[in-house]
Structures are given as structure tokens and as C-alpha cells.
Amino acid sequence: LPGEKKRHGRSRGVEEEAPKAAVVPWFHFHPDLHVDWLAKFMQMVLRAQAAGARWLGLVTLGLEFNQVTESTFADMILADLTSALHKLQANDVAVLPGTNRTISTAIKLCAKLESDLKRDRSKSDDLLSRARAQLKTYLAKPKALLPRSGSSVGFGGNTHRSTSTRKSGAMSSVRYKTSKKDDDELELQNLVAVYDRCVQHLRFKRQAPHLYQALHELGDIHFYAGDARGAAQAWGDGLDFIFNTLGVSRQWRGITGNIMASPRGLLGSLGPLATITAGVLAAKLAERIHTQDLHQRLELSQFSALLLTNLFSQCLAHPPRNAEFKHYTPLQVIPGLDLFEDAIKAHATTVFSLGEFVAANLFDNEMYLEALPVV
């Protein structure tokens, strides 16, 4: 890799290994190749072959694709590939035609890939947990506040003090506030750096649930620090990764339309947590980022309303039409599932306040039917 240096040992002909760098797939350097799209297409092809019991073709294609992409998308094809290999083994197929690879060797390869994926998930859990622990520590600390009026440090206090004493107190107040502010900014910078490293690892390992949650939290930190540009980038990336498509916030109608037309629907394809997170991210972009672009604010409000409304789509107890929500109050969103059990993943107060903003924005633009389920 560029920048990697080799270190030579003392004895002749002996070479020490350089520290191993992260292996970057070859297609990472070719952004014009839409390998993510190809991986989704390949996943659909393999499932179609599984539905037609074409186990040999599935295994051959799956193994070749995994080799070409250097196991980057193993998590997307591993379940179908392993199942097909066991089907072939049950049918007494020992060797894959046209290759020297045996079925047992391929099964061992899949087992190793599964072991590596579990290890990566464990590391991802650990990285995100440590980042969240540091965030909780930061939030628990008292932040830099102005000294209280009348305190021994700062303005006010004893009005009968001399002019020099009052000046000394004022200077102490300024130094106190500056020191506290600098410490707070340094902690925020460290926190952003920790989350950046976590996001880079999750992005490389393609740990989708962890990644969009980390991006969501990173955006919150940026916004708290006053960095609206960083917040917009992180929240937008989180939305893109949930839908596995670039620029979702600008083309959400076509993307969600295709997903909703599929048999699983929007909620079935994304899952409840990803759906509510996407709705929250779209609402945050609308309320806190696009404050001047009223058209994009309304677009994102509609996008958020669609996502939040789809949370009611897989329960027969809920009305099938938006207009019927006028006289209906749901007791629970999804029976048997508490979406707000983990406040870090989905904070009830935040969801409700953002839903209130979305509904108000839609009402202001006379989009009453779209707003009713959110209300």
C-alpha cells in the first residue's frame, strides 16, 4: 500500500514484517464502478436461483462473486451460499464441476467467513459501546457556564469593593470562562475523533445497523458543537446508508416507491429500527439544516411523515388509509415490540418533538392527509 515501509532485519536475507495495514478492496479506488449496486443485484440473482433449486449455479456464482469482491459483501450472500452447499452435499455432490474445489472445502470457507463476520460484529459492538460511553461521560459533566451573579468570581458581589478589586474579579471571570470553554471544545473534538474512527471502521466492515446509528449520533455531536455542515453530512450519510443509495434526501420518492411496491414493503425491507431512524434523520435535516430552503424542508418533512406512517403498515389493527387516523388513536405502534426500549437508538421525546414539527409543517402547507398519522 502507498506509504508502507519495509524494515530489514540484522541478518542477511532476513526481513521483518511491517505492521499490517487495513486491506482496502481494489474497487475502492474505482468509484465509477457501482459495486454496491452489483452486490444487491447479485443477492437477488442468488435468491432467485435458490427459489428455483438451482444449487450448483448458486454456489458457483456466489463463490466467484465473493472471490472477486474480496469477501466484502459476504454478509449479503453467505446464508444462501451455505444453504446451497449443504443441499449439494446432501445430494452426494463431492466436487464443483470445472474446478478442483470440493464441497467440504467450500463449506469450511463459508464457516470461516461466518466466524470472521461474528468477530467483526463483536469489534464493532465494542467500538460503538466505547464511543457511547465517552459520550455519556461528556454529557454527565457540568458544562462551561457563566459564573453566577454575585459570586466571589466575576462581576457583581460586594459593591463596596475597590476599583482594582473589581477589575481583578472581572479578569478572573474572563479567564475562568475561557478556560472552561477551551476544555469543553477540546472534549468535543476528542469525542468527534472517537466517533470518526468508529464510523470509518463500521463503513469498511459494512456493519449497517451500527453504522447508521453511529452516523446519527455523530451528527448530533456536530450540531451540538455548532457545526451544522458536519451534522448535515453525518445525518445525510446515515440516510444514504439505510437505503444503500447516494442522495436519498433528493430522490426519496422513486426509491421508496420501488421499495413499497415490493412484497415486503418499506417496513419489511428496512426493519422497524431503521425505519424510525430514517424518519428522525429526515426530520432533523428538515428542522435544523434546511431552515432557509423551504422547498427542501417540505420535501424532507413529507419523507419523514411517509417513514413514520409506515410504522403502522404491518398491523391489521391500524387503519389502512391516512384519513381514518382522524378518529383513531393507536395504543401501540407494533404489537410486542417496544421501539423506545433503548433510548440511545430511539429516544421517545426526540421522536415525538420531531413528529410535531413534521406535522405542523405539513399542516402549514395544507397536506392534512399526510400529517394525520404522524399527529
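Good morning. The chain I am presenting folds into 13 helices and two strands. What you have in front of you is a predicted model, and I shall therefore begin with its confidence.

The average pLDDT of the chain is 78, and 81% of the residues reach at least 70. Where is confidence lowest, and where is it highest? The lowest mean, 36, belongs to strand β2, residues 15-16, while the highest, 94, belongs to helix α11, residues 294-309. Two stretches call for caution. Over residues 1-22 the pLDDT stays under 50, and the model gives that segment 15 contacts beyond four places in sequence. Residues 144-177 are likewise below 50, with 21 contacts in the model beyond near neighbours in sequence.

Let me turn to the overall figures. The chain has 375 residues, of which 38% are buried. Its accessible surface amounts to about 22,700 Å², and carbon and sulfur atoms hold 56% of that area. Among contacts with a separation of 6 or more, 62% are between residues 24 or more positions apart.

Next, the interior. As a general matter, nonpolar side chains in soluble globular proteins tend to be buried together. In this model, the largest nonpolar core contains 41 residues. Which residues have the most contacts inside it? They are L239, I242, F243 and F303. At least two residues of this core come from each of six helices: α7 (228-243), α8 (252-261), α9 (265-270), α10 (272-289), α11 and α12 (348-364). Helix α10 provides the largest share, with nine residues.

F303 offers a convenient view of this packing. Setting aside neighbours within four places in sequence, F303 contacts L239, F243, V248, W252, T256 and A282. Two of these partners, L239 and F243, are themselves listed with F303 as having the most contacts inside the core. Apart from this core lies another, of 26 residues, including A39, M42, L58 and I77.

I come now to the charged pairs. Across the whole structure there are six salt bridges, and I shall discuss three of them, beginning with R132 and E217. The side chains of R132 and E217 meet with an N to O distance of 2.7 Å. R132 is in helix α4 (residues 103-140) and E217 in helix α6 (residues 208-224), so this salt bridge ties together parts 85 residues apart in sequence. Are these two residues buried or exposed? R132 has a relative accessible area of 13% and is therefore buried; E217, at 8%, is buried as well. The cut-off behind both assignments is under 20%.

The second pair is D220 with K284, whose side chains form a salt bridge at 2.8 Å, N to O. This pair links helix α6, which holds D220, to helix α10, which holds K284, across 64 residues. Here the two ends differ in their surroundings: D220 is partly exposed at 27% relative accessibility, whereas K284 is buried at 3%. Helix α10, the site of K284, is also the helix with the largest share of the 41-residue core.

The third pair is R253 with E299, where the closest N and O atoms are 2.7 Å apart. Since R253 belongs to helix α8 and E299 to helix α11, the salt bridge ties together parts 46 residues apart in sequence. R253 is partly exposed, at 44% relative accessible area, while E299 is buried, at 15%.

R253 also appears in the surroundings of Q302. Q302 lies in helix α11 and, at 7% relative accessibility, is buried. What does Q302 touch, leaving out residues up to four places away in sequence? Its contacts are W252, R253, L362, M367 and E370. W252 is thus a partner of Q302 and of F303.

Finally, the surface. W26, L33 and V68 together make a nonpolar surface patch of about 260 Å². W26 is located in the loop between β2 and α1 (35-51), and its relative accessibility of 35% makes it partly exposed.

To summarise: the largest nonpolar core has 41 residues, with α7 to α12 each supplying at least two of them. Salt bridges join α4 to α6, α6 to α10 and α8 to α11. Residues 1-22 and 144-177 have a pLDDT under 50 and should be read with that in mind. Thank you.

Definitions and conventions. Residues are numbered from 1 along each chain as its sequence is written. This is a predicted model: local features need pLDDT of at least 70, side-chain atom pairs count only at pLDDT 80 or more; totals for chains, interfaces and linings use all residues. Side-chain values use heavy atoms; hydrogens and water are left out. pLDDT is the predictor's confidence in each residue, from 0 to 100. Helices (H or I, at least four residues) and strands (E, at least two) are DSSP runs, numbered from the N terminus. Contact means heavy atoms within 4.5 Å. Patches are made of residues with over 30% relative accessible area and no salt bridge: like charges are joined within 9 Å, nonpolar side chains (Val, Leu, Ile, Met, Phe, Trp, Tyr) within 5 Å. Accessible areas come from the Shrake-Rupley method with a 1.4 Å probe; for residues, only the protein chains shown count as cover. A salt bridge is a side-chain nitrogen of Lys or Arg within 4 Å of a carboxyl oxygen of Asp or Glu. Buried means under 20% relative accessible area, exposed over 50%, partly exposed in between (1.4 Å probe, protein chains only). A nonpolar core is a set of buried Ala, Val, Leu, Ile, Met, Phe, Trp, Tyr and Cys residues joined through side-chain atoms within 4.5 Å.
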